[in-house]
Amino acid sequence: MTTVLPGGFKAWIATVSRRAAARYHHALRKACGELLAELTEFDPESVTWTPLERLSVRQSCLHQAYRFRAVLRRIDFVPVISPGSSHRRGPVTAFRDRAPGSAAEEDAGRR
């Protein structure tokens, strides 16, 4: 995490299906949670005097991510899924557009 795109976005992933977008969402949230858990055990002082080229890939990643713990705690992965013509329920239903007063928004309020 060294560069942030305009608008504060880090990356954009385009998928071939709505199901893939939902899977990416869950996988990215899980990976972020695992990274944060690993960072609680990481001691940045343990690698302070080690030249970067001598760090393992994982140590280098943790060392860099450690500075961004607060951002990682706040970050969210937001799928943007168009409603399409399908009205099936499934893993993508929660990510569909819920315009004020829409049937999807009313339906969500009942859950």
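A residue counts as exposed when its relative accessible area is over 50%, and as buried when that value is under 20%. In this predicted model, Arg 73 has a relative accessible area of 57%, so it falls on the exposed side of that cut-off. Arg 73 sits in helix H3, which covers residues 69–74. Its C-alpha atom is 8.3 Å from that of Cys 32, although 41 residues separate the two along the chain. Arg 73 also turns up among the contacts of Leu 36: setting aside neighbours within four places in sequence, Leu 36 touches Arg 69, Leu 72 and Arg 73.

Now for the inside of the protein. Cys 32, Leu 36 and Leu 72 are all part of the largest nonpolar core, a group of 10 residues. The other members are Leu 35, Leu 39, Phe 42, Val 47, Leu 55, Leu 62 and Ala 65. Two helices, H1 (18–41) and H2 (57–66), each bring at least two residues to this core. H1 gives the largest share, with 4 residues.

How do these two helices sit relative to each other? Their axes come within 10 Å and cross at roughly 90°. Angles from 65 to 115 degrees count as roughly perpendicular, so that is the label that fits H1 and H2. Where they meet, H1 offers Leu 35, Glu 38 and Leu 39, while H2 answers with Arg 58, Leu 62, Ala 65 and Tyr 66. Some of these names should ring a bell: Leu 35, Leu 39, Leu 62 and Ala 65 belong to the core as well.

H1 is also home to His 25. Is this residue buried or exposed? With a relative accessible area of 8%, His 25 is under the 20% cut-off, so it is buried. A polar atom of the His 25 side chain lies 2.6 Å from the backbone oxygen of Phe 77.

How far can the picture be trusted? The mean pLDDT of the chain is 77, and 65% of the residues reach 70 or more. Among the elements of the chain, H1 has the highest mean pLDDT, at 92, whereas helix H4 (residues 103–110) has the lowest, at 44. Over residues 102–111, pLDDT stays under 50, and for this stretch the model has 11 contacts beyond four places in sequence. Where pLDDT is low, the predicted coordinates should not be read in detail.

Definitions and conventions:
Residues numbered from 1 in each chain as written. Predicted model: local features only at pLDDT ≥ 70, side-chain atom pairs only at ≥ 80, totals over all residues. Heavy atoms only, no water. Core = buried A, V, L, I, M, F, W, Y, C linked by side-chain atoms within 4.5 Å. Buried < 20%, exposed > 50% of the residue type's maximum accessible area, 1.4 Å probe, protein only. Contact = heavy atoms within 4.5 Å. pLDDT = per-residue confidence, 0-100. Polar contact = N/O pair within 3.5 Å; in protein donor to acceptor, adjacent residues only side chain to side chain. Axes fitted to C-alpha atoms, helices over the stretch in contact; angles between N-to-C directions. Parallel < 35°, antiparallel > 145°, perpendicular 65-115°, else oblique.
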